[in-house]
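Open the model in your viewer and keep the sequence panel beside it. The stops below say what to select and what is there.

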Amino acid sequence: MGRFTALIFGALIGAGAALLYSPNSGERNRELVAEKLGGTFDQVQQLIKDPDAAAKGASEFMQEAAEKGQEFVQEAAETMKPIVSGKNDELREKIEAARKRIAEQIAKNAESLEEKKDEIEEAVEDALDAAEDAIEEVADKVEDLLEEAPAAEEKQD
């Protein structure tokens, strides 16, 4: 069984089930079916009589569908442009704010480092002064010892 045959068979079964479960009366259902079949039968006869017109109609339908699809895509793109543009502007603002915060933090860190540098320089100067004082004390003691050494040698002799 071909796909088309299966499709027709499935459509007929679906239509039969719809009629069985329809809330309309049987008479109303028969009227509806007759109307639809009559319109469809007329359309099928017209297509059989003029297949070129049918092909042209199908072609026009496809072209119209393609145009509507293209219009839909263009409308969607136009709708999305302000949203995307707004998001781009929002992201640029956030990036600029982040840059400012980073620059401020770098400036604070530089100030802190400058303060630490000054503290270290003072500590080094204090340490050098203390070392110089200690060296002078040691030098004085060595000098005193050297002066006392000849005197002690004379006493031993």
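In which helix do Arg99 and Glu96 both lie, and how many residues apart are they? Both lie in helix 3, three residues apart, which is about one turn of the helix.

Before going further, some conventions. This is a predicted model, in which local features need pLDDT of at least 70 and side-chain atom pairs count only at pLDDT 80 or more, while totals for chains, interfaces and linings use all residues. Residues are numbered from 1 along each chain as its sequence is written, and side-chain values use heavy atoms, with hydrogens and water left out.

**Whole chain**

Show the cartoon. The protein has three helices and zero strands, and its elements run α-α-α from the N terminus on. Helices (H or I, at least four residues) and strands (E, at least two) are DSSP runs, numbered from the N terminus.

Colour by pLDDT, the predictor's confidence in each residue, from 0 to 100. The mean for the protein is 80, and 87% of its residues reach 70 or more. Among the elements, helix 2 (residues 26–49) has the lowest mean pLDDT, 73, and helix 3 has the highest, 83.

Switch to the surface. The protein exposes about 14300 Å², with carbon and sulfur atoms supplying 59% of it; accessible areas come from the Shrake-Rupley method with a 1.4 Å probe, and for residues only the protein chains shown count as cover. Of the 157 residues, 1% count as buried. Buried means under 20% relative accessible area, exposed means over 50%, and partly exposed is in between (1.4 Å probe, protein chains only).

**Helix 1**

Select Phe4, which is found in helix 1 (residues 3–20). Phe4 counts as exposed because its relative accessible area is 61%. Add Leu7, Ile8 and Leu12 to the selection: with Phe4 they form a nonpolar patch on the surface, with about 450 Å² of accessible area together. Patches are made of residues with over 30% relative accessible area and no salt bridge; like charges are joined within 9 Å, and nonpolar side chains (Val, Leu, Ile, Met, Phe, Trp, Tyr) within 5 Å.

**Helix 3**

Side chains of opposite charge can pair when their charged atoms come close. A salt bridge here is a side-chain nitrogen of Lys or Arg within 4 Å of a carboxyl oxygen of Asp or Glu. The whole structure holds seven salt bridges.

Select Asp89 and Arg92, in helix 3 (residues 51–156) and three residues apart. Their side chains meet in a salt bridge, 3.5 Å from N to O. Asp89 is partly exposed at 39% relative accessible area, and Arg92 is exposed at 54%.

Next select Glu90 and Lys94, four residues apart in helix 3. They form a salt bridge whose closest N and O atoms are 3.5 Å apart. Glu90 is partly exposed, at 34% relative accessibility.

Return to Arg99 and Glu96, whose side chains meet in a salt bridge at 3.8 Å, N to O. Is each partner exposed or partly exposed? Arg99 is exposed, with 53% relative accessible area, whereas Glu96 is partly exposed, at 38%.

For the last stop, select Glu114, Lys117 and Glu121, which are joined into one network by salt bridges that share partners.
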